[in-house]
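Trainee: Please take a close look at the pockets of this model, and then place them in the context of the rest of the chain.

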Amino acid sequence: MDINRVFVIVLDSYGIGNAPDAADFGDAGANTLATIRKSEKYDTPNMKKLGLFCIDGVEPVPDQPPLEGAFGRLTEASRGKDTTIGHWEIAGIISEKPLPTYPDGFPQEVLDELEKATGRKILCNKPYSGTQVIADYGEEHMKTGSLIVYTSADSVLQIAAHEDVVPLETLYDYCHKAREIMMGEHSVGRVIARPFVGTPGNFTRTPHRHDYSLEPPAQTMMDVIAENGMDTLGVGKIYDIFAGKNIQRTVSITNNVDGMEKTLEFQKEDFHGLCFVNLVDFDMLYGHRNDIDGYANAATVFDEQLGTFMERMRDDDVLFITADHGCDPGYPGTDHTREQIPVLVYGAAVKPGVNLGTGSTYANIGATVLDMLGLKGQIKGESFYPLIKKSC
């Protein structure tokens, strides 16, 4: 059976625990799925049918229905636990070194370069919550025009500015210059423009965020697909994560629900290739904010939309559901957590009920996608398509 369309949906931070090296990252015992499924807000019957609770290491359910998908878990081979490295590995790149992080703020030479490039002074220079940093520094920024520069546990440099003080295009230009500065030893995964509006005591971030990512350092599954004349579609942050490289069409989203609605719209189109989707609310709104019920409810809402998507799939479609790292909302702190990720595979061409066990790299997804589309490339990973391919 020919496969013409593959959908890969990344539930950002939907880890399932058990990473063998979690202790090396300070994450021993973290398990995002185990935490959220304890909430009364959690109900994912469609992922249950696909085999989520049959994955090795996941606590099973007593009322498991007949399985409709193949299922397994993957271990991250890259040295990191962030969005960029996780997505790059899904697409076929293993990062031997972690991207740089700045738990004590950026060094003075970086600040000097930023001030020289922008002509503005710098405020903050610490790891900070994006909403709290504008609450704490927004008024001073408005009085002085200085830029709010901050980071997080991720490999990011973020610049926040009020849209009335620094026009959007100017902020974007500053971030473009910052991207040029943050190379070499300071090659952070992303430089992010974080515009906001409002008045002191009532600042809010706007939807005009823009990410400036590193270009992937090696071939990805999208490169192979595009170079063979097929289509590559991105939903949500995918375009930014891969610096736009061989993402031929992209749509931005406002939240998870909008992301699935945009994916359902792409599902109506007669493309040939890959639709790559990132749903970031799990991580951004709930994991980092230790909101267990919010995370659980977001999973429930996604699962409802997943049911609609599954009903509308064509016989030549295959769906992957996976994650890029963990962010256990019940774990101490607000950082990402080093966890294994689920992989659920569904479609008319997929043999249901196959337990794929534990793969050694997220890159097995990219290798399998290429195999399903009849392509070969130089990406990392091994295809598990032969294990789940339904006999004609």
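**The largest pocket and its surroundings**

Mentor: The largest pocket is lined by 24 residues, and those nearest its centre are Pro207, Arg209, Ile253, Thr254 and Met284. The model is predicted, so local features need pLDDT of at least 70 and side-chain atom pairs count only at pLDDT 80 or more, whereas totals for chains, interfaces and linings use all residues. Residues are numbered from 1 along each chain as its sequence is written, and side-chain values use heavy atoms, with hydrogens and water left out.

A pocket is defined on a 1 Å grid over the protein atoms alone, as an open set of points with protein on both sides within 12 Å along at least five of seven lines; a cavity is a set of points where a 1.4 Å probe fits but cannot get out, and lining residues have an atom within 4 Å of a point. The volume of the largest pocket is about 760 Å³, a volume being the space filled by probe spheres set on the grid points, which are joined across faces, edges and corners.

Five elements give two or more residues each to the lining of the largest pocket: β6 (190-199), β8 (210-213), α8 (238-241), β10 (249-251) and α10 (281-287). These are DSSP runs numbered from the N terminus, helices being H or I runs of at least four residues and strands E runs of at least two. Helix α10 gives the largest share of this lining, three residues. By class, the lining of the largest pocket holds eight nonpolar, eight polar and eight charged residues; here Ala, Val, Leu, Ile, Met, Phe, Trp, Tyr, Cys and Pro count as nonpolar, Asp, Glu, Lys and Arg as charged, and the others, Gly among them, as polar.

The position of the largest pocket follows from the division of the chain into domain 1 (5-96 + 215-387) and domain 2 (108-213), with bounds that come from an automatic or database domain assignment. Because domain 1 and domain 2 both give residues to its lining, the largest pocket lies between them.

The second largest pocket has a volume of about 520 Å³. It is lined by 25 residues, with Tyr128, Ser129, Gly130, Ser152 and His288 closest to its centre. Two or more lining residues of the second largest pocket come from each of α5 (130-144), β5 (156-162), β6 and α10, and β6 gives the largest share, three residues. Its lining divides into eight nonpolar, eight polar and nine charged residues. The second largest pocket also takes lining residues from both domain 1 and domain 2, and therefore lies between them.

There is, in addition, one cavity of 30 Å³ or more. The largest cavity holds about 30 Å³ of space. Its lining consists of Asp82, Thr83, Thr84, Asp154, Ser155, Val156, Gly189 and Arg190, which divide into one nonpolar, four polar and three charged residues. Since both domains give residues to this lining, the largest cavity lies between domain 1 and domain 2.

As for the two domains themselves, their centres, taken over C-alpha atoms, are separated by 30 Å. Twelve residues of domain 1 are in contact with ten residues of domain 2, contact meaning heavy atoms within 4.5 Å.

The packing of the chain can be described next. The largest nonpolar core has 85 residues, and Tyr14 and Phe320 have the most contacts inside it. Such a core is a set of buried Ala, Val, Leu, Ile, Met, Phe, Trp, Tyr and Cys residues joined through side-chain atoms within 4.5 Å; buried means under 20% relative accessible area, exposed over 50%, and partly exposed in between, with a 1.4 Å probe and protein chains only. Helix α11 (residues 292-311) gives the largest share of the largest core, eight residues. A second, separate core has 22 residues, among them Leu114, Leu171, Tyr174 and Cys175.

Finally, two residues deserve a note on backbone geometry. Cys124 is not a glycine, yet has a positive phi of about 80 degrees; it lies in strand β3 (residues 122-127) and counts as buried at 15% relative accessibility. Ala243, likewise not a glycine, has a positive phi of about 50 degrees. Ala243 is found in the loop between α8 and β10 and, at 32% relative accessibility, counts as partly exposed.
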